[in-house]
Amino acid sequence: MGTFDIVTNFIEAFISFYFIYYLFHKRKGIVPLLLFVSLKAINTTIHNYYALPEMSSTVTSTIIIYLYTCFLNKNHVIQNIFLILLINVIVNISTTLGMLISLTFSSSPFKEEYVYIALVIIVKTISIILLVLAYYFINKTEILSIKTKKLYSVLTSFFLLDVLYCLCIDYIYYDEVFNNYMISIIILINVLTLYLCFIFFESQKEQKELLKLQKRELQRQNSDKIRQINQNNVLHLERWKHDMKYVFSFLETNINEKNYEQSLDAIHLYSSILSQYNLFHDLKNDILNSVLIDYYENIINNNIHIVIGENKEENPINEDDLQSIFNSFMKQAVLYCSSTYRKEISIFSSSSLEYFLLTLQYTCINNQSHFNQSEIQQIIHRYQGLLKMDNENENFILRLMIPKRNET
């Protein structure tokens with residue numbers, strides 16, 4: 001093995017890892033990138049030096065790349081697995097095209113030195129071109145993290161075709177069999193792999209359409225529930241509107257007669273009745289609407305006021321996790337919310353250049369949180385975020401800070 005092989009191994013490793021690094025735009029530093037590049041290059045060099053099977057080299061390289069994708073993109077396993085398989089697909093297609101081109105110069109491209117050098121240069125050039133094209137395509141195509149049976153089947157098929165391709169390359173290289181039969185097989189494997197790529201992206205489109213339909217259905221259900229709640233409340237408020245003059249007359253009579261306790265009791269009674277028929281304001285946020293509808297009766301019965309200050313920027317938490325956070329918070333907030341003046345639950349979101357900030361708080365007289373943070377902590381940990389609890393001025397405050405997903 002010469003210097004040329006070692007250099008090309010490092011170039012190949014750098015191309016693969018820089019593709020992932022640039023795709024995610026993560027500020028994780030250049031040192032981890034170079035470390036993983038070195039690991040993959042050394043792995044390939046060792047396999048080439050000892051003439052180890054291509055299968056072994058592919059498996060170990062895949063593990064190294066997967067560890068790097070998890071380092072950059074921890075919470076999206078489907079994205080990571082697909083990108084690894086896509087890199088393998090691009091390498092396989094580049095190798096196939098390189099071998100077909102080299103056949104015009106030699107029937108045994110792996111054994112003749114100058115033809116082999118030309119083959120390697122051609123393969124690396126094609127790989128770079130295909131990775132650049134893949135980068136621009138993926139930029140325009142969102143890869144969802146939804147796990148489905150169809151998706152598992154596609155990814156498994158990707159893996160099996162990759163294994164089959166490695167076996168073919170070993171057979172061609174070590175047994176020096178590069179005839180029309182083998183050429184047909186590796187071309188067929190590449191065609192099937194490209195077809196699987198098409199199926200993968202089509203399944204992603206199907207999932208996106210399904211998510212849109214689910215979101216529309218959730219909006220419709222929320223609108224119906226809000227409309228029903230408000231219709232009932234308006235009916236009751238209309239009835240009380242006609243009775244208000246009698247209420248004021250009753251209060252005026254008791255105040256004139258200095259029956260202050262009876263007047264206060266009447267005020268408390270009617271205040272409590274009116275608070276039960278507050279109108280539900282559509283927050284234009286399907287998740288918050290759903291959660292508040294679920295806890296509407298508890299909020300009304302406990303005379304709790306809701307304050308929402310929402311940032312319209314897209315946050316890095318997916319909808320299921322965000323709903324779990326709100327549910328976990330509201331479940332405990334309605335139990336422990338208390339105040340000498342006004343019970344209040346507040347939800348605020350904001351963002352900085354690098355972080356999405358979510359502040360959840362409720363009034364709490366005794367300055368004791370009673371809050372079980374374990375469920376929210378588990379979610380935040382998956383996003384490599386921070387969670388902090390505070391008690392300030394009779395308010396229990398839960399602060400969540402999540403690193404933003406960098407746009408691809």
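Visitor: Which strands does helix α11 lie across, and at what angle does helix α11 run to β3?

Guide: In this predicted model, helix α11, made of residues 319-336, lies across β2, β3 and β5 (395-403), and the helix runs at about 20° to β3.

Visitor: What is the order of the strands in the open sheet?

Guide: The open sheet has five strands in the order β1-β2-β3-β5-β4, and their pairing is mixed. Neighbouring strands in this sheet are turned against each other by 10° on average, with direction ignored.

Visitor: What makes β1 and β4 the edge strands?

Guide: Each of them, β1 at residues 305-309 and β4 at residues 386-392, pairs on one side only, and this is what places them at the edges.

Visitor: How do you know that β2 and β3 are paired, and in which sense do they run?

Guide: Two strands count as paired when there are at least two bridges between them, and strand β2 (residues 344-351) is joined to strand β3 (residues 355-363) by seven bridges, so the requirement is met. The two strands run antiparallel, and within this pairing Ile347 has Leu360 of β3 as its bridge partner.

Visitor: How many bridges join β4 and β5, and what is found between these strands?

Guide: β4 and β5 pair over seven bridges in the antiparallel sense, with Glu392 bridged to Asn395 in β5. Their hairpin has two residues between the strands, and Asn393 there takes a positive phi near 50°.

Visitor: Why are α1 and α2 called oblique to each other?

Guide: The axes of helix α1 (residues 3-24) and helix α2 (residues 30-49) cross at roughly 140° and come within 8 Å. Angles over 145 degrees would count as roughly antiparallel, and 65 to 115 as roughly perpendicular, so an angle of roughly 140° falls in neither class and the two helices are oblique. The crossing of α1 with α2 is right-handed, and among the contact residues are Phe10, Phe14 and Phe17 of α1 and Leu33, Phe36 and Val37 of α2. By type, the residues of this contact comprise eleven nonpolar, six polar and two charged.

Visitor: What makes α3 oblique to α6?

Guide: Helix α3 (residues 54-72) packs against helix α6 (residues 149-174) at about 140°, with the axes 8 Å apart, and that angle makes α3 oblique to α6. Glu54, Met55 and Thr58 of α3 meet residues of α6 including Asp162, Val163 and Cys166, and the contact as a whole holds five nonpolar, one polar and three charged residues.

Visitor: How do you know that Glu12 and Lys124 form a salt bridge?

Guide: A salt bridge requires a side-chain nitrogen of Lys or Arg within 4 Å of a carboxyl oxygen of Asp or Glu, and in this pair the N to O distance is 3.2 Å, so the pair qualifies. Glu12 belongs to helix α1 and Lys124 to helix α5 (residues 113-139), so that, by these element assignments, distant parts of the chain, 112 residues apart, are linked. The count of salt bridges by this rule comes to ten.

Visitor: Which residues make the contact between α1 and α4?

Guide: Glu12 is again among them, together with Ser16, Phe19, Ile20, Leu23 and Phe24 of α1, and on α4 there are Gln79, Asn80, Leu83, Ile87 and Val91. Helix α4 (residues 77-102) packs with α1 at about 145°, the axes being 12 Å apart, and this crossing is right-handed.

Conventions:
Residues numbered from 1 in each chain as written. Predicted model: local features only at pLDDT ≥ 70, side-chain atom pairs only at ≥ 80, totals over all residues. Heavy atoms only, no water. Helix = DSSP H or I, 4+ residues; strand = E, 2+ residues; numbered from the N terminus. Axes fitted to C-alpha atoms, helices over the stretch in contact; angles between N-to-C directions. Contact = heavy atoms within 4.5 Å. Parallel < 35°, antiparallel > 145°, perpendicular 65-115°, else oblique. Left-handed = near helix turned anticlockwise from the far one by under 90°. Nonpolar A, V, L, I, M, F, W, Y, C, P; charged D, E, K, R; others polar.
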